[in-house]
Amino acid sequence: MLLGAHVSSTGGIDTAVDRAEALRLRSIQIFSQSTRMWRQTNHTPQAIARFRERRAETSLGAVVIHATYLINLAATDDAVYAKSLKALSSTVGVGAAIGADGVVFHVGSHLGRGLDAAMHQIVPGLQVVLGERDPDGPWLLLENSAGHQGTIGVTVEELALIIDELGRPEQVGICLDTCHLFASGIDITTPEGVEALLDEVESRIGLDRLRCLHVNDSKMTFGSNRDRHANIGQGEIGKKLSVMLGHPKLQELPAIAETPGSDNRGPDKAEMARFARIHRAGVKQWQTVTSSR
Ligand SMILES: [Zn+2]
Ligand SMILES: [Zn+2]
């Protein structure tokens with residue numbers, strides 16, 4: 001498993017690699033623009049070149065960009081919808097420029113209308129983005145949601161429906177967030193629960209399309225549909241996060257912590273040490289489960 005974290009790119013997109021190196025991360029996630037404003041950041045050719053150079057000097061196994069939270073492909077407001085497509089497409093472009101492996105994004109919210117009612121917007125919107133992308137560019141990764149106020153992707157089934165409607169194109173996959181899974185009522189605290197989840201991903205989407213994990217504990221209770229990240233091992237999932245982290249089929253994936261850290265400034269050394277400990281414990285637990293079969 002490529003243990004990593006969301007890191008800041010304040011001071012230039014390339015500085016994210018420096019931060020990753022300081023924390024000895026194996027994977028990183030960054031924002032390539034503001035998460036609260038539509039305006040896209042203008043990355044200089046120098047910063048992009050340095051990002052690629054610096055990455056080659058590190059042991060970073062995966063780089064993903066998280067698209068802005070403002071994106072809503074199910075927006076009923078035409079201006080928001082148009083801006084969403086533009087933001088997603090431009091993020092995919094930045095991803096291609098820096099050599100990112102994936103762009104993770106939230107599909108948006110149907111605001112209670114149901115996924116069916118929003119599908120006629122989501123699918124053509126994503127087709128536009130797919131049409132504009134560089135074929136050598138990053139994967140497009142739909143993230144599962146906690147389900148608060150109609151956020152789309154609350155089940156594997158919802159993510160599968162969108163990918164199916166798109167005609168299962170190349171380099172379109174999913175990112176699963178442990179906090180969102182737990183909050184949406186998917187039990188990842190037992191081996192049976194995790195097996196059931198991965199069986200469903202395998203049969204509905206294909207495990208080869210699962211390209212990234214977000215590893216967060218949850219401040220809110222199971223099935224609460226609320227998205228509040230807690231530090232790894234310190235929330236409602238607690239040490240049982242090891243069950244998902246140790247699963248043999250997930251060991252090749254980038255696993256990104258998006259947690260507050262000790263001082264609310266994001267994952268730090270202490271957080272990454274806890275992450276590594278819980279991951280190791282999980283790998284051991286699964287060795288026992290598999291050998292007793
Ligand atoms: Zn996430
Ligand atoms: Zn979240």
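The legends below describe close-up views of a predicted model. Local features need pLDDT of at least 70 and side-chain atom pairs count only at pLDDT 80 or more, while totals for chains, interfaces and linings use all residues. Residues are numbered from 1 along each chain as its sequence is written, chains are lettered from A and ligands numbered from 1 in the order in which they are written, and side-chain values use heavy atoms, with hydrogens and water left out.

**View 1. Coordination of the zinc ion (ligand 1).** Glu143 (OE), Asp177 (OD), His214 (ND1) and Glu258 (OE) coordinate the zinc ion (ligand 1) at 2.1 to 2.3 Å. Donors are N, O and S atoms within 2.8 Å of the metal (3.2 Å for Na, K and Ca); water is not among the atoms, so sites may look incomplete. The angles among the four donor atoms run from 88 to 173°, and the site is irregular. Four donors count as tetrahedral if all angles lie between 85 and 135 degrees; four count as square planar and six as octahedral if opposite donors are over 155 degrees apart and all others between 65 and 115; anything else is irregular. The donor residues follow the sequence spacing E-x33-D-x36-H-x43-E. Aspartate 177 belongs to strand E6 (residues 172-177) and histidine 214 to strand E7 (residues 210-215), so the pair ties together parts that are 37 residues apart in sequence. Helices (H or I, at least four residues) and strands (E, at least two) are DSSP runs, numbered from the N terminus. Aspartate 177 and histidine 214 are both buried. Buried means under 20% relative accessible area, exposed over 50%, partly exposed in between (1.4 Å probe, protein chains only).

**View 2. Coordination of the zinc ion (ligand 2).** The protein donors are His180 (NE2), Asp227 (OD), Asp227 (OD) and His229 (NE2). They lie 2.0 to 2.4 Å from the zinc ion (ligand 2). The four donor atoms subtend angles of 54 to 134°, which makes the arrangement irregular. In sequence, the spacing of the donor residues reads H-x46-D-x1-H. The zinc ion (ligand 1) is 4.4 Å from the zinc ion (ligand 2). Histidine 180 sits in helix H6 (residues 178-183) and aspartate 227 in the loop between strand E8 (217-218) and strand E9 (229-230), so the pair ties together parts that are 47 residues apart in sequence. Histidine 180 counts as buried, at 3% relative accessibility. Aspartate 227 is partly exposed, with a relative accessible area of 37%.

**View 3. Surroundings of asparagine 144.** Asparagine 144 is in the loop between E5 and H5. Its relative accessibility is 4%, so asparagine 144 counts as buried. A polar atom of the asparagine 144 side chain lies 2.6 Å from the backbone nitrogen of aspartate 177. A polar contact is a pair of N or O atoms within 3.5 Å; within protein, one must be able to donate a hydrogen and the other to accept it, and residues adjacent in sequence count only if both atoms are side-chain atoms. Leaving out residues up to four places away in sequence, asparagine 144 touches Gly153, Leu159, Cys175, Leu176, Asp177, His180 and Leu181. Contact means heavy atoms within 4.5 Å.

**View 4. Packing of helix H5 (residues 156-165).** Val156, Glu158, Leu159, Ala160, Ile162 and Ile163 are the buried residues of H5. They pack against helix H4 (115-132), strand E5 (139-143), E6 and helix H7 (191-204). Glycine 167 follows H5 and has a positive phi, near 85°.

**View 5. Two aromatic pairs.** Rings of Phe, Tyr and Trp (its six-membered ring) pair if their centres lie within 6.5 Å; planes under 30 degrees apart count as stacked, over 60 as edge-to-face and the rest as tilted. By this rule there are two aromatic pairs. Phenylalanine 31 and tyrosine 69 are edge-to-face, 5.6 Å centre to centre with 80° between the planes. Phenylalanine 31 is in strand E2 (residues 27-31), and tyrosine 69 in the loop between strand E3 (62-66) and helix H3 (78-98), 38 residues apart. Phenylalanine 31 counts as partly exposed, at 22% relative accessibility. Tyrosine 69 is partly exposed too, with a relative accessible area of 43%. Phenylalanine 182 and phenylalanine 222 also form an edge-to-face pair, at 5.3 Å centre to centre and 65° between the planes. Phenylalanine 182 lies in helix H6 and phenylalanine 222 in the loop between E8 and E9, so the pair ties together parts that are 40 residues apart in sequence.
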